[in-house]
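Biologist: Could you take me on a close look at one part of this model? I would like to hear how one helix sits among its neighbours, and then how the rest of the chain looks around that picture.

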Amino acid sequence: MTRESASQMDWLSPEGAAVPTQKAGGAASPRLSFVLDSRDWLRFVADEWWPSPFDADGLSLGVEAVCDDLKQGGRISVVVWIDSGQLPSLPAAIYRSGQWIDALVHSVACDDKEVLWPGPIHLSSVTAFSVPTEGDRARLVAMAKGFSNIEMPAQPVEVKPTTQILPAANRPQLTTLYRAPAQWDSIRGAAAMAVWAVPAIDPWLDVLCESLSTGATRENAAAALGAPWLGVPLWARNGPDALVSPLWAAIREVIGAVNYREEWRPAEVLETIVDSAAQLGADGAALAELRDHTQAILSDAAVIDVRRAERDPLGLALQLVLLRPKAENFVSWVDDLPSMPPAVWWTGAMLSGLLTGMRDLDKQFRGSPAAREILAVRTWHLSSVAGNATHCWPDRFAPKPSWVLGSDKVQFLDGDRPWADRKTSRRGEWFRADFDNEPTYNQALELARRLHPSSLRRCLRIADAELTASGSGKLSVDKTGHRLKVKGELSLALNDSVSFADELDVDHFRDWIAIGSVAERLPSPPRAALLESIESIQPAASLSGELAIGQRVLQPVRLPDDPPGLLTIPDFISGEQELALLAEVERGTWLTDLSRRVQHYGWKYDYKARMVESSAYQGPLPRWAADLAERLLRHGLVGELPDQVIVNEYVASQGIAKHIDCPGCFRGAVVTISLGESWGMLFRSPDGLRKIERVLQRRSAVVLDGEVREEWTHEIPKRKKEGTALRGRRISLTFRKVNPRTTKAKGAASRKKDKGS
C-alpha cells in the first residue's frame with residue numbers, strides 16, 4: 001500500500017450499505033460475523049475480498065455473535081458483520097442443534113451457532129463493521145486516511161460491545177472450496193487498467209468487451225488492429241492456443257509473478273523475459289536487438305523511439321513499462337509521446353496494472369464498486385483452468401459486456417446496467433464521423449495532407465471531354481461505367497478539361513485513426529456532423545435517448561452549438577419536488593463567507609485555498625441530497641455517486657465570476673439543478689473566441705462534463721433582469737464527486753477567481 005498525506009475518500013456513510021434480505025414470512029436473514037485486526041481490515045477494504053487469496057479449509061463465521069478470539073497485541077479488533085442473504089447460495093457447513101449439517105447458506109437460522117463458509121467474502125455482503133470503543137474507531141479512521149489505494153466502503157463503523165460464543169469443536173472438512181486463481185490480484189489490476197485506458201475508438205471498445213466475454217468462442221478482433229497478442233488477454237488462460245507470440249507469453253508469465261512493491265529490478269526482469277521468449281521459440285536476433293536497446297534505455301544511454309511501433313509494437317510496450325512501471329505514468333505517456341499508437345499505450349497500461357495489482361492500484365484507476373466486482377468475478381472465470389480443482393465464484397453477469405455511446409462518454413453495460421465509462425476521444429469522433437458530410441470530408445482531407453498523406457489517392461478529374469488514346473493497348477469500361485480497364489499500353493492526350501486532385505481514401509483514413517501514429521492532438525470533427533453520427537449509432541441507449549423518472553419521460557436536450565459536454569434535462573424534478581427541496585434548503589444552515597449565501601454538504605470547499613482539505617468531511621449527504629445523487633447516477637448523468645453538494649442562493653443582481661470548478665478537487669461531471677427562477681449561464685471557450693449563453697431553466701438538471709467541464713469557463717452574469725423580468729431569487733444545487741487525490745488547483749483556468757466552486 002502507498003501512503004498519501006492528503007487522501008480524500010468517502011467515509012462511514014451508511015448510504016449504499018447492504019440491506020438485509022427478507023426471508024419468507026418477512027424475517028430478515030441472520031447476520032454472520034468474523035473478526036479481523038486493523039491491519040487485515042485495511043487489506044480487506046483494499047482487496048474487497050477476504051481472505052484473498054483464499055487458501056483456507058473454510059472460513060468460520062459466527063451467527064448473530066462472534067465465535068473468533070478478539071485480536072490482541074496492540075491492534076484494533078474489527079468485527080465484520082455480514083448479511084447471509086447477500087452471499088451467493090452456495091453449500092456450506094452449519095452448526096445446528098449440536099451437530100454439523102450440510103446445507104445452503106441461505107438456510108441458516110438465527111439459533112444456529114456457526115457457519116463454515118467455502119470461499120472468500122466479498123465486501124458487498126457486509127452490512128457494517130464494529131469496534132469496541134470510540135477511540136478505536138478514531139484510530140481506524142486515521143489509519144485508513146493514510147492510504148492512497150483505499151476507497152472507503154459505504155458501510156458504517158459502529159461502536160458496540162462484542163457478544164462472543166465458544167467456537168464449535170471438530171469442524172468438518174468441506175468437499176468443495178472456491179479458490180480464486182493464482183495471481184488473481186495481478187490480473188484484476190490488469191483488467192482495471194484495461195477499462196481505464198481502453199482507446200475510446202469503436203473497434204478497441206469491441207476488443208475490450210470481447211476480452212471480458214465468457215462466450216464459448218471469441219474472435220481475435222485485436223489481430224485486425226495490429227495487436228494479435230491481445231487476442232489472449234492477460235486474464236485469459238495461457239494454454240497452447242495462447243501462444244500468439246512467444247514474447248507475449250514470456251511477458252505475461254514474468255511480469256505477472258513480479259512483486260513490484262517488494263523488489264523492482266527492471267534489467268533483471270528484461271533478461272528473464274528475453275530468456276523465456278527464446279525458450280518459447282522467439283527470433284533470436286530480434287530478441288537480442290530488443291534487449292540491447294532496452295538496456296540502453298534503462299541506463300539512460302538511449303531514449304524511447306516511437307518508430308519502433310512500426311516493426312515491434314509489443315517490444316515498445318514492454319520498454320514503456322520497464323522504464324516507468326507505475327500505472328500513473330501512463331497518464332503522462334500520451335503527452336510525452338503523442339504519436340504513440342493506441343495498441344502500444346493500451347498494452348503498456350495493462351502491463352502496469354498486472355505489475356501493480358489491484359490491491360496497490362490507485363483509486364483513480366480502480367473503477368466503480370460495480371466495475372470492480374464484475375472484473376473480479378469475470379477474471380476469476382476467464383483465468384481458471386477447466387478441469388482442475390478450482391471452483392469458480394458464481395457469475396451473475398451478462399455473458400458479454402456491451403458499450404453505448406453518449407454525448408461525451410462511452411458507457412459500458414452489463415445487460416442494461418451501467419458499470420463503467422470512458423471519455424470520448426477525438427480519434428473516436430473521427431472514426432465514426434460521416435464523411436459524406438462535406439465539411440467533415442474537407443477537414444479530414446486537410447488532416448490527411450498534413451499528417452498522413454498515404455490516406456490520399458491521386459485522381460484524374462475529367463469533365464465533359466473526349467480524350468484521344470494512342471498505342472497498342474485496349475481500353476474498356478465495366479457495366480457500371482465506373483471502372484476503367486487498360487490492357488497493354490496506351491497514351492491519353494490531355495486537354496484543359498482534365499485536372500489532377502487528391503481524394504481521401506476513407507477506409508485508409510479510418511485505419512490510421514484507429515491504429516496509427518498521430519503526431520499531434522486532432523481537432524474535433526465539425527460539431528453538427530458529429531452529433532448526427534452519435535445519434536445514428538445508438539439513439540435509444542445514449543444520453544440523447546429518453547430518461548424515465550417516475551411516470552414522466554424526460555428528453556435530454558443538446559443544441560448544435562452547445563459547448564462540448566453540455567447536456568440539459570428539462571423538468572428533471574416536478575413542481576411538487578421543487579417546493580419540497582426549497583423547504584429542505586430553508587431548514588439548512590447558511591454560510592455568509594461570500595457575497596452570496598451558501599450551504600455545504602458532504603465535504604466543505606475552501607474558497608480561499610481553492611481545495612478540499614482532508615479534514616473537510618462533514619458526513620453523508622442529507623436524505624434529500626442523497627436521493628437526487630442516486631437518481632443522477634441511476635440515469636447515467638454522472639459516472640460516480642456524487643458525495644458533495646453546494647447550495648448557492650442568488651438574489652437580484654448577484655452572480656458568479658467566470659471559473660472552472662476546481663479540477664484537482666472534483667472528478668467527473670458536475671450537475672446543477674435550478675430552483676425558483678430561470679437565469680442565464682455564460683460559457684466561454686478556452687481560446688476566448690466563443691461565448692455562448694444558456695438559460696438554466698428552473699427544475700432542470702444541467703450536466704457539465706468533458707470539455708465544457710475541464711476547459712470552458714462558466715459564470716452567472718451580474719444583472720438586474722433576465723429578459724424583460726426583474727430577477728428575484730434563484731437557488732442552485734450543485735452535485736460533485738470529491739477527488740480522493742485532492743491538491744491545490746493548477747492551471748491558468750483554475751487560478752481564476754474560483755468563487756463558483
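Modeller: Happy to; here is a walk that begins with one helix and then moves on to the sheets and a residue at the surface.

Please keep in mind that this is a predicted model. The chain holds 19 helices and 33 strands, and buried residues make up 53% of its 757 residues. Of the contacts with a separation of 6 or more, 73% are between residues 24 or more positions apart.

The helix I would pick is α8, residues 313-323. Ten of its eleven residues are buried, so α8 is largely enclosed by the rest of the structure. Going along the helix, the buried residues are P313, L314, G315, L316, A317, L318, Q319, L320, V321 and L322. What covers them? The cover includes α5 (246-257), α6 (266-279) and α7 (284-298), together with α9 (329-336) and α10 (342-356).

Let us stay with one of these neighbours, α5. The axes of α5 and α8 come within 10 Å and cross at roughly 20 degrees. That angle makes α5 roughly parallel to α8, because angles under 35 degrees count as such. The crossing of the two is left-handed. On the α5 side, the residues that meet α8 are L247, W248, I251 and I255; on the α8 side they are L314, G315 and L318. Sorted by class, this contact has six nonpolar residues, one polar residue and no charged ones. The spacing of such residues has a simple background: an α-helix has 3.6 residues a turn, so residues three or four places apart point the same way.

Now to the sheets. Eight strands form an open sheet with mixed pairing, in the order β6-β5-β7-β3-β1-β4-β9-β10. The edges are taken by β6 (99-104) and β10 (157-159); each has a single partner strand, so one side of each is left without a neighbour in the sheet. From one strand to the next, the twist averages 35 degrees. Within this sheet, β5 (residues 91-96) and β7 (residues 114-117) pair in the antiparallel sense over three bridges, and I94 has V115 in β7 as its bridge partner. Two helices pack on the sheet. Helix α1 (residues 38-47) touches β1 (31-37), β4 (77-83) and β9 (126-131), and its direction makes about 115 degrees with that of β1. Helix α2 (residues 134-144) touches β4, β9 and β10, with its direction at about 160 degrees to that of β10.

Further along the chain there is a strand that is also mostly covered: β24 (residues 644-651), with seven of its eight residues buried. Strand β23 (residues 598-601) runs antiparallel to β24 and is joined to it by four bridges, with Y601 partnered by V645 in β24. Eight bridges join β24 to β33 (residues 729-738), again antiparallel, and here I646 stands opposite T734 in β33.

To finish, here is a residue on the outside. L579 lies in helix α17 (residues 575-587). Its relative accessible area is 59%, so L579 is exposed. The C-alpha atoms of L579 and G676 are separated by 8.7 Å, while the two residues are 97 residues apart along the chain.

Methods:
Residues numbered from 1 in each chain as written. Predicted model: local features only at pLDDT ≥ 70, side-chain atom pairs only at ≥ 80, totals over all residues. Heavy atoms only, no water. Pairing = 2+ DSSP bridges. Axes fitted to C-alpha atoms, helices over the stretch in contact; angles between N-to-C directions. Contact = heavy atoms within 4.5 Å. Buried < 20%, exposed > 50% of the residue type's maximum accessible area, 1.4 Å probe, protein only. Parallel < 35°, antiparallel > 145°, perpendicular 65-115°, else oblique. Left-handed = near helix turned anticlockwise from the far one by under 90°. Nonpolar A, V, L, I, M, F, W, Y, C, P; charged D, E, K, R; others polar.
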